[in-house]
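Subject: Structure handover

Hello,

Here is the structure you will be working with. Notes on what was found in it follow below.

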Amino acid sequence: LKMPQIQLGTFRTRGPDVETAITSALKAGYRGIDTAAVYRNHTAISEALDKVMPQLKLCRQDIWLTSKLAPRDQGATAARAAVQTVLQELRTDYLDLFLIHWPGVQKLPVDDPNNLILRMESWKVLEEFHKAGTLRSIGVSNYTIPHLEQLLESCEIVPHVNQIEIHPMYPQTELVEFCTKHGIHVQAYSSLGQNGIKSPLFSSPTVIEIAKLLNQTPAQVLLRWGLQRGHTILPKSTNPQHIEENFALDFKLSSSDMEQLDSLHKLNSTKFAWDPSTII
């Protein structure tokens with residue numbers, strides 16, 4: 001299976017924005033869409049795909065579709081039903097990738113041992129659907145090294161992917177090295193931080209200077225950094241111009257550029273998304 005290295009993220013993309021984003025992305029050349037049950041946009045995504053794909057002479061097989069299990073659906077019975085619901089909402093009989101979105105379970109305290117029991121049950125369900133061909137590849141998201149170690153002790157199928165927050169202010173080097181060692185591909189989310197152009201990554205003098213020298217936008221520099229580290233990136237936007245720019249990454253960062261960006265976290269280590277490290 002060939003996973004596109006640049007995919008459209010759809011976190012917080014709702015309503016008419018979904019069609020705008022998907023139309024712009026497919027026209028720009030994106031062939032991967034990343035969603036999740038908790039984003040509540042599956043139906044809008046499937047409607048947009050149904051509308052746009054014929055115009056561009058594309059079919060379902062041309063699009064890499066990823067979704068994720070909601071924290072409320074952890075555990076054997078709930079996970080099994082949730083996979084079927086996702087397939088129905090996205091109007092497809094298979095997914096290219098399906099992830100456990102979060103190591104914890106909704107409404108359970110972080111130190112409750114049932115977090116571990118239920119996410120292990122969920123993994124067994126993903127393995128079943130993978131063997132049946134319904135989930136072409138399976139993985140996890142927001143798993144730390146201890147979460148992965150627990151999973152690797154008992155899983156039949158090693159996760160194909162761990163989707164985690166990664167950017168120059170939070171490179172998660174140790175976790176990336178652990179994943180690489182175990183053959184788990186890393187997908188990077190929040191490559192641009194959060195809060196759009198208000199993100200501190202966009203005001204970093206290092207990022208601004210490299211962008212100016214290369215005649216690229218700060219967003220393009222940050223995304224290219226993720227690509228050159230070997231990650232899949234999932235830039236999210238509903239602005240057609242930004243969607244196009246986020247895909248136009250056929251330039252190179254020099255080793256000196258990479259070193260400067262790799263060092264950003266030493267000056268300013270910032271995590272934007274939730275922290276899974278407290279979950280047992």
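**Helix H10 and its neighbours**

H7 and H10 pack with their axes 10 Å apart, at an angle of about 160°. Since angles over 145 degrees count as roughly antiparallel, H7 is therefore roughly antiparallel to H10. Please bear in mind throughout that this is a predicted model.

The crossing in which H7 passes H10 is left-handed. On the H7 side, the residues involved are Thr206, Val207, Ile210 and Leu214, and they meet Asp257, Gln260 and Leu261 in H10. Sorted by class, the residues of this contact of H7 with H10 are four nonpolar, two polar and one charged.

H10 itself spans residues 255-262, and its buried residues are Asp257, Met258 and Leu261. These three cover an arc of only 95° around the axis, so they sit on the same side of H10. Ser255 and Glu259 are on the other side of H10, where they are exposed. The buried residues of H10 pack against three helices: H7 (205-214), H8 (218-228) and H11 (264-267).

**H7 against H8**

H7 also has a contact with H8. The axes of these two helices come within 8 Å and cross at roughly 100°, which means that H7 is roughly perpendicular to H8. In this contact, Val207, Ile210 and Ala211 of H7 meet Pro218, Val221 and Leu222 of H8. The contact of H7 with H8 has six nonpolar residues, no polar ones and no charged ones.

Val207 and Ile210 of H7 appear in both lists: they are among the residues that meet H10, and among those that meet H8.

A residue in the loop leading to H7 can be added here. Ser191 is placed between strand S7 (185-189) and H7. Its relative accessibility is 9%, so Ser191 counts as buried. Leaving aside neighbours within four places in sequence, Ser191 is in contact with Ile166, His167, Leu201, Leu222, Leu223 and Ile233. One of these, Leu222, is also a residue of H8 that takes part in the contact with H7.

**H4 against H5**

The second region to look at is H4. The axes of H4 and helix H5 (residues 145-154) come within 11 Å, and they cross at roughly 55°. H4 and H5 are therefore oblique to each other, and their crossing is right-handed. H4 contributes Leu116, Arg119, Met120, Trp123 and Lys124 to the contact, while H5 contributes His147, Gln150, Leu151 and Ser154. By class, the residues of the contact of H4 with H5 are four nonpolar, three polar and two charged.

**Leu118 and Val105**

Leu118 is another residue of helix H4. With a relative accessible area of 22%, Leu118 is partly exposed. Its contacts, leaving aside neighbours within four places in sequence, are Gln74, Gly75, Val105 and Leu108. The C-alpha atoms of Leu118 and Ala79 are separated by 9.5 Å, and the two residues are 39 residues apart along the chain.

Val105, one of the contacts of Leu118, is found in the loop between strand S4 (97-100) and helix H4 (114-131). Is Val105 buried or exposed? At 12% relative accessibility, Val105 counts as buried. Again leaving aside neighbours within four places in sequence, Val105 is in contact with Pro71, Gln74, Asn115 and Leu118. Gln74 thus appears in the contact list of Val105 and in that of Leu118. Between Val105 and Glu121, which are 16 residues apart along the chain, the C-alpha separation is 12 Å.

**Two positive phi values**

Most residues other than glycine have a negative phi. Two residues are listed here for their backbone values.

- Lys57 is not a glycine, yet it has a positive phi of about 55°. Lys57 is placed in the loop between helix H2 (42-55) and strand S3 (64-69). With a relative accessible area of 76%, Lys57 is exposed.
- Arg91 has a phi near 50°, which is a positive value in a residue other than glycine. Arg91 lies in the loop between helix H3 (76-89) and S4. At 49% relative accessibility, Arg91 counts as partly exposed.

Regards

Key
Residues numbered from 1 in each chain as written. Predicted model: local features only at pLDDT ≥ 70, side-chain atom pairs only at ≥ 80, totals over all residues. Heavy atoms only, no water. Buried < 20%, exposed > 50% of the residue type's maximum accessible area, 1.4 Å probe, protein only. Helix = DSSP H or I, 4+ residues; strand = E, 2+ residues; numbered from the N terminus. Arc of directions from axis to C-beta. Contact = heavy atoms within 4.5 Å. Axes fitted to C-alpha atoms, helices over the stretch in contact; angles between N-to-C directions. Parallel < 35°, antiparallel > 145°, perpendicular 65-115°, else oblique. Left-handed = near helix turned anticlockwise from the far one by under 90°. Nonpolar A, V, L, I, M, F, W, Y, C, P; charged D, E, K, R; others polar.
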